[in-house]
Amino acid sequence: MKNPDIKLLDNKGKRLDGRGLKELRPITIKAGVLDRADGSCYLEWGGNKIIAGVYGPREVIPKHLADPLKARLVYRYNLAPFSVDERARPGPSRRSIEISKVSREALEKTVMLEEFPKTQIDVYVEVLEAEAGTRCAALTAASVALADAGIPMKDLVTACAAGKIGGKIALDLAKEEDNYGEADFPIAILPRTREVVLMQMDGNFTREELDEALETAISGAMQVYELQKKALKEKYSVEGE
Amino acid sequence: MKKIVIPGEEIKSRVREHTYEDKGKTYSAVYGVLIENEGKGKIVPLKGHYLPRKGDTIIGIVEDVKYGGCMVDINTAESAYLHTERPYKEADVLVAEVMDINELKEAKLSRDRKLPKGTLLEVDSVKVPRIIGKNNSMINMIQELTGSEVIVGRNGRIWIHGGDITKVMDAINTIIEKTHVSGLTEKIKKQLEGESE
């Protein structure tokens, strides 16, 4: 991954896109964008454009997969063929299957599945445009869509990545930083308790760097949480006393 | 005081439904409107899924006829069983009461009545209390002013028969759009009367 010819930090410590080390890319979140879905969310995170839809709780198909004690959560992360520079082959890939699995497990921690026995909740996340950090953005959008669908959950799930570029820990890596940087470290947390529900890593950190990266990523996720909250609260206005 | 709450938001007043407790504190479990009044409160979800409760009046569609009864789609993931001797056919629409639910939230129905040909609407079940109104005030008013017969099922199905069906549908759509506006019965009354003049 490391390439000595590419300088990811300038002399003033600014990044390629002019951000500081602990700055997020611009994020916009909008809840309830799809009419036919029970809950949905559209999210733009830097160059990422993601749409999430939630359907259910509905009948489990095939029927033998139904769990008599709790609902079954299905999470599908899909990278659109036109979302990346070189066309991605349509359909699930090794990468998207893995991301779907870890993201589903993160959401299972917070969604109150035991309320809907013998049913299935489908979460479909489509990445329309990708620019590094799609799994974090997808999970952030999915949890807003789940809340918008009226599904009981203990907390939202908020995700953010940290990484290492030019020997320094940075928040929310952009595409070049992800490709040529030294490490990428996406995490997802439950913002109320700051419990970590997803953690992956690509690259190398020292023990101290890992601690710093975790702290950086959590602080970034808390900023994302405020935006999720705002998106949900803005959708409806309350009149009266 | 009305306020929008999201999952995981701490709630200071006493709320029993749609919440969970952790370390002695109460948190909202849904995305909804919190209505607080002197330390007590309730949460009304903005969207929801119908879960059958004992005593609910529901409108169902017959899915499958079995010996001594039939399976009825009541707008839930799992269909309900109705024990009856009446000769139902598939796709018949009926109104019934939920007699019992089991651990899997499967319902058993009884006190059924077949509904004749009419118009069937489906709305989100969280809007149903607003459509019925306090002591049936809203639904009685709509029936009076339009001359239609309207049956509202707790599961979000509404059956309309006779009278001015479009006016009833317009009124219901207004209620759905303005669920959280106070003084809604008066507004609907004006809407219905205004158009008849």
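**Close-up 1. Helix α2 of chain B and its buried residues.** In this predicted model, helix α2 of chain B covers residues 137–146, and its buried residues are B:M138, B:I142, B:L145 and B:T146. Picture yourself looking down the axis of α2(B): those buried residues fall within an arc of 85°, so they line one face of the helix. Now turn to the face pointing away from that buried side, where you'll find the exposed residues B:S137 and B:E144. Right after α2(B) comes B:G147, with a positive phi near 75°.

**Close-up 2. Helix α3 of chain B, end to end and face by face.** This helix takes in residues 165–177 of chain B, 13 residues in total. From its first C-alpha to its last, α3(B) reaches 19 Å, close to the 18 Å expected at 1.5 Å a residue. Which residues of α3(B) are buried? They are B:V168, B:A171, B:I172 and B:I175. Seen down the axis of α3(B), the buried residues stay within an arc of 95°, so here too you can say that they line one face of the helix. On the face turned away from the buried side sit B:T166, B:N173 and B:E177, which are exposed.

**Close-up 3. An open sheet of 3 strands in chain B.** Read across this sheet and the strand order is β12-β14-β13, with antiparallel pairing. Which strands are at the edges? They are β12 (119–122) and β13 (149–152) of chain B, and each of them pairs on one side only. On average, neighbouring strands of this sheet are turned by 20° against each other, if you ignore direction. Zoom in on β12(B) and strand β14 (residues 157–161) of chain B, and you can follow an antiparallel pairing over 4 bridges. One pair to look for is B:L121 with its bridge partner in β14(B), B:I158.

**Close-up 4. A closed barrel of 5 strands in chain B.** Going round this barrel, the strands run β7-β8-β9-β11-β10, and the pairing is mixed. Neighbouring strands are turned by 50° against each other on average, direction ignored. A bit of background helps here: strands of a sheet pair through backbone hydrogen bonds, either parallel or antiparallel. For the parallel sense, check strand β9 (residues 80–83) and strand β11 (residues 107–114) of chain B, which pair over 2 bridges. Within that view, B:L82 has B:L109 of β11(B) as its bridge partner.

**Close-up 5. The hairpin of β10 and β11 in chain B.** Strand β10 (residues 93–101) of chain B pairs with β11(B) in the antiparallel sense, over 6 bridges. Look for B:I101, which stands opposite B:A107 in β11(B). How many residues lie between the strands of this hairpin? There are 5, and B:K105 in this hairpin takes a positive phi near 60°.

**Close-up 6. A loop residue of chain B, B:E38.** You'll spot B:E38 in the loop between β5 (32–37) and β6 (40–45) of chain B. Is B:E38 buried or exposed? It counts as exposed, because B:E38 has 6 C-beta neighbours inside 10 Å, and the cut-off for exposed is 12 or fewer. If you hop along to B:R111, you've gone 73 residues in sequence and 40 Å in space, C-alpha to C-alpha.

**Close-up 7. A loop residue of chain A, A:A37.** Over in chain A, A:A37 is found in the loop between β1 (27–31) and β2 (39–45). Why does A:A37 count as buried? Because A:A37 has 20 other C-beta atoms within 10 Å, and a residue is buried at 20 or more. Leave aside the neighbours within four places in sequence, and A:A37 is in contact with A:G53, A:V54 and A:Y55. As for A:S100, that residue is 63 residues apart from A:A37 along the chain, and their C-alpha atoms are separated by 20 Å.

**Close-up 8. Where chain B touches chain A.** Here 25 residues of chain B are in contact with 29 residues of chain A. On the chain B side, strand β1 (residues 2–5) gives the most, with 3 residues. Sort that side of chain B by class and you get 14 nonpolar, 6 polar and 5 charged residues.

Terms used:
Residues are numbered from 1 along each chain as its sequence is written. Chains are lettered from A and ligands numbered from 1 in the order in which they are written. This is a predicted model: local features need pLDDT of at least 70, side-chain atom pairs count only at pLDDT 80 or more; totals for chains, interfaces and linings use all residues. Two residues are in contact if their C-beta atoms, placed from the backbone, lie within 7 Å. Ala, Val, Leu, Ile, Met, Phe, Trp, Tyr, Cys and Pro count as nonpolar, Asp, Glu, Lys and Arg as charged, and the others, Gly among them, as polar. The expected span of a helix is 1.5 Å times one less than its number of residues. The arc is that of the directions from the helix axis to the C-beta atoms. Two strands pair if DSSP finds at least two bridges between them. Axes are lines fitted to C-alpha atoms, for helices over the stretch in contact, and angles run from 0 to 180 degrees between N-to-C directions.
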